[in-house]
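Let's take a friendly walk through this model, from a metal site to the sheet beside it in our tour. Have the sequence and the 3D view open as you read.

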Amino acid sequence: MKQRDLANEPQGLERPLPSEGTGTWGSDAIADVIRALDIPYVALNPGSSYRGLHDSLVNKLGNEKPQMLLCLHEESAVAIAHGWAKVTEKPMLAIVHANVGLMHATMAVYNAWCDRAPLVLLGANGPADAAKRRPWIDWIHTTRDNAGLIRNYIKWDDQPASIGAAHESILRAHKIAATTPRGPTYVVLDVGLQEQKLDAPPPLPDAKRFLPAAPVGPTPDLAEQAARRLLEAERPLILMGRVSRSEAAWAERVKLAEALGAVVLTDLKLAAAFPTDHPLLGAPPGTFLGGPGAELIRQSDAILVLDWVDTAGTLKSAFKGDVGATVINVSLDQHLHNGWSMDYQGLPPVDLQIMADTDPTVSAMNTALAKLGARKKAAWPGRKPVVWQQVAMGDAAGPIAVPMLAVAMQKALEGKTIALIRHPLSWAGHLWPVKHPLDFLGSDGGGGVGSGPGTSVGAALAVHGSGRLPVAILGDGDFMMGSSAFWTAVHYRVPLLVVVANNRSFYNDELHQERMARERGRPVENKWIGQQMKDPEMDLAMIARGLGATGFGPVTRLGDLAGTLEKAVKAASEGQVVVVDVRVEPGYDAASSAAITRAPGA
Ligand SMILES: Cc1ncc(C[n+]2csc(CCOP(=O)(O)OP(=O)(O)O)c2C)c(N)n1
Ligand SMILES: [Mg+2]
C-alpha cells in the first residue's frame with residue numbers, strides 16, 4: 001500500500017507534546033475505557049463541563065484513538081458522527097458541553113435516531129454536589145436531568161456516580177448504540193467525577209466481553225415460510241428498506257430477487273439497497289411513493305418488506321383501501337418505538353412478522369429457496385421494464401434545472417468511483433445510477449434541514465482513503481444552516497466535493513404556500529415572501545473560501561457548468577474540500593411536488 005503523507009491526514013494533525021503530568025484523575029480512568037472502545041474519532045465542541053475529560057483525551061491518551069475532530073457547532077459534531085455511521089455502521093463518539101451544548105445538538109440527535117444510526121454521545125453536568133459549584137456559571141450549566149432533553153429520541157442514557165459505574169456506563173452505551181436496531185445513546189459525566197484525584201487507576205473491565213450483539217437472523221422455519229409464500233405468489237414484490245453496506249449482503253439481495261422473480265422497490269431516503277440497472281427494479285426510487293411504484297404494489301400478491309421506513313403509509317398510498325397482498329414484514333424496529341415521536345409511522349397489516357435483521361433474513365431465505373427449488377411459472381407475466389425518464393438539456397446560454405445538473409455531474413465524474421453522500425430535496429430517483437452499497441447514502445432520517453454539511457463531512461471522512469470520491473449535492477438552505485461543518489473537513493484534510501443546488505429559496509415551503517394560496521383563492525404570486533434568500537443573493541463560493549475550502553461559481557448558465565464541474569472534480573480528487581455554487585431554477589420533480597403538497601389525510 002502507498003505510504004500516506006501524514007501531514008495531509010487527520011492522524012498527522014494536532015499532535016500533543018508528551019505529557020509529564022503526574023497523578024491519576026477521574027477523567028483519566030474514563031478516558032481509558034473510551035480507548036478500549038476502539039473508536040478512531042471523537043467529534044466535539046469544547047466546554048468547561050468536560051475540561052477534565054478533554055485534558056485526559058489530549059494528555060493521557062495523546063489525542064489518538066480517539067482523535068478529536070474540532071467542530072464549530074454541536075449540531076455538526078453529531079451530524080459528522082451520524083454521517084460516519086452511515087458508511088461504517090459503527091458509532092463514532094461525540095461530546096457536547098453541559099445543557100447548552102446538548103441543546104445545540106438536539107436536532108442532529110433526532111436525525112440520527114430516525115435514521116437508526118449508532119452514536120455514543122458523551123456530555124457533562126454539574127458538579128452534582130452544589131457545594132462544589134463555581135459561582136454563577138456552574139449553576140446555569142447544571143440541570144437536574146440533563147439527558148431529559150433528548151431521552152425521547154435516544155436508546156438509553158445514564159449519569160454514573162463513580163468511576164466504576166462510568167466504566168460500565170460507557171461500555172453499555174456503546175453496546176446498546178451498536179446493537180440493532182441501532183441508535184444514539186448518551187452518558188453524562190459529572191464534573192466532580194472527572195476532576196477527582198484518584199489514588200490509583202481502578203481496574204479496567206475487559207471491553208471484549210461487552211461487545212454489541214451480532215445482527216439477528218430468523219429461525220429456519222420462519223425463513224422457509226416467507227420464502228414459500230413468495231415463491232407461490234404470482235407477482236411477488238420486495239420493498240428494500242434499511243439494509244447494510246456489505247457487498248456480500250447486496251449480492252444476497254440480488255440473488256433473492258432473482259430466485260423469486262420479485263420486483264424490487266427502493267427508497268431515496270435510505271442508502272443504496274439494489275442496483276438501479278437491474279431488470280427487476282420496478283421503478284426509480286423516490287422520497288415518496290410515485291405512481292409506477294404504487295401501481296406495482298397494487299398489482300402484487302405477496303410483499304416482502306425489508307425494514308421499510310413507512311410500510312403502512314406505502315401500502316395505504318398504493319391500495320387506497322384493503323391491502324390485497326400477503327405482507328411479510330422483516331423488522332426489529334418495534335424495539336425502538338416509544339410514545340413521544342411518531343417516527344415509527346403507521347401500523348401496517350402484517351401476515352408474517354419476522355423480528356430479525358434484514359441481511360441474515362435474506363441469506364436464510366436464500367438457503368430455504370435452495371431447498372424449495374425454482375419457481376414453477378415465471379413471475380409477473382407481461383410486466384414491462386422500467387422506463388427511465390430522459391433528461392432534456394437546455395440552451396448553453398440558458399438556466400440550469402436540477403435534472404440538468406445531475407446529467408452534468410455524471411459526465412464530470414465519469415470513470416471515477418464515487419459515493420453520492422447527500423442529495424437535495426429537489427432530487428429524484430431517476431437522476432442517479434446506483435450499483436454498489438456505497439454509491440448512494442440516503443438522507444437525514446429526521447427531515448431536519450441543516451444536517452447536510454455535517455453528515456457529508458462525516459461520510460467523507462469514513463470513505464477517505466478508500467479510493468471513493470465523496471460527493472454531496474445540497475440545497476442552499478441546508479448548506480447555509482450547517483456550513484461551518486466544512487471547516488472541520490478542511491482542517492482535518494478530508495476531501496469532499498459539494499455542489500449546491502442553489503435555488504435561492506427554502507423552496508420546499510414555497511410549494512406549500514402555493515398550495516395554500518390555490519386552496520384559499522389568494523395570490524400565488526406571494527408564495528416567495530418569507531421563503532426566498534435574495535437581495536442579497538449569497539455568494540456560497542465565497543463562504544466556502546472563508547472556511548478554507550475551494551469555492552467555484554456562481555455558475556448561472558448551463559454552458560458554463562461542465563467546465564466548472566471538471567475543475568471542481570479535479571480539485572476534490574487532489575484532496576481539497578470543494579464547494580460549487582450552482583444557481584438552479586426552482587422546481588421539484590412532479591411526483592415529489594404532488595406528494596409534498598398533499599392535503600392532510602390524502
Ligand atoms: C430544521 C428545519 N427547519 C425547517 C424545516 C422545513 N423545511 C423543509 S424543507 C425546507 C427547505 C430547505 O431549503 P433548501 O435546502 O434550500 O432546499 P430546497 O427546498 O430549496 O430545494 C424547509 C425550510 C425543516 N424540515 N427542518
Ligand atoms: Mg433552496
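Asp476 and Ser505 are both buried, where buried means under 20% relative accessible area, exposed over 50% and partly exposed in between, with a 1.4 Å probe and protein chains only. This is a predicted model, in which local features need pLDDT of at least 70 and side-chain atom pairs pLDDT 80 or more, while totals for chains, interfaces and linings use all residues. Residues are numbered from 1 along each chain as written, chains are lettered from A and ligands numbered from 1 in the order written, and side-chain values use heavy atoms, without hydrogens and water.

Which protein atoms hold the magnesium ion (ligand 2) as donors? They are Asp476 (OD), Asn503 (OD1) and Ser505 (O), 2.0 to 2.1 Å from the ion; donors are N, O and S atoms within 2.8 Å of the metal (3.2 Å for Na, K and Ca), and water is not among the atoms, so sites may look incomplete. Asp476 lies in helix 15 and Ser505 in the loop between strand 16 and helix 17, 29 residues apart. Helices (H or I, at least four residues) and strands (E, at least two) are DSSP runs, numbered from the N terminus.

Now for the sheet: five strands form an open sheet in the order 14-15-16-18-17, with parallel pairing, where pairing takes at least two DSSP bridges. Strands 14 and 17 are at the edges with a single partner strand each, so one side of each has no neighbour in the sheet.

| Edge strand | Residues |
|---|---|
| Strand 14 | 418-422 |
| Strand 17 | 550-555 |

Strands 16 and 18 pair over seven bridges, and Val500 has Asp581 in strand 18 as its bridge partner.
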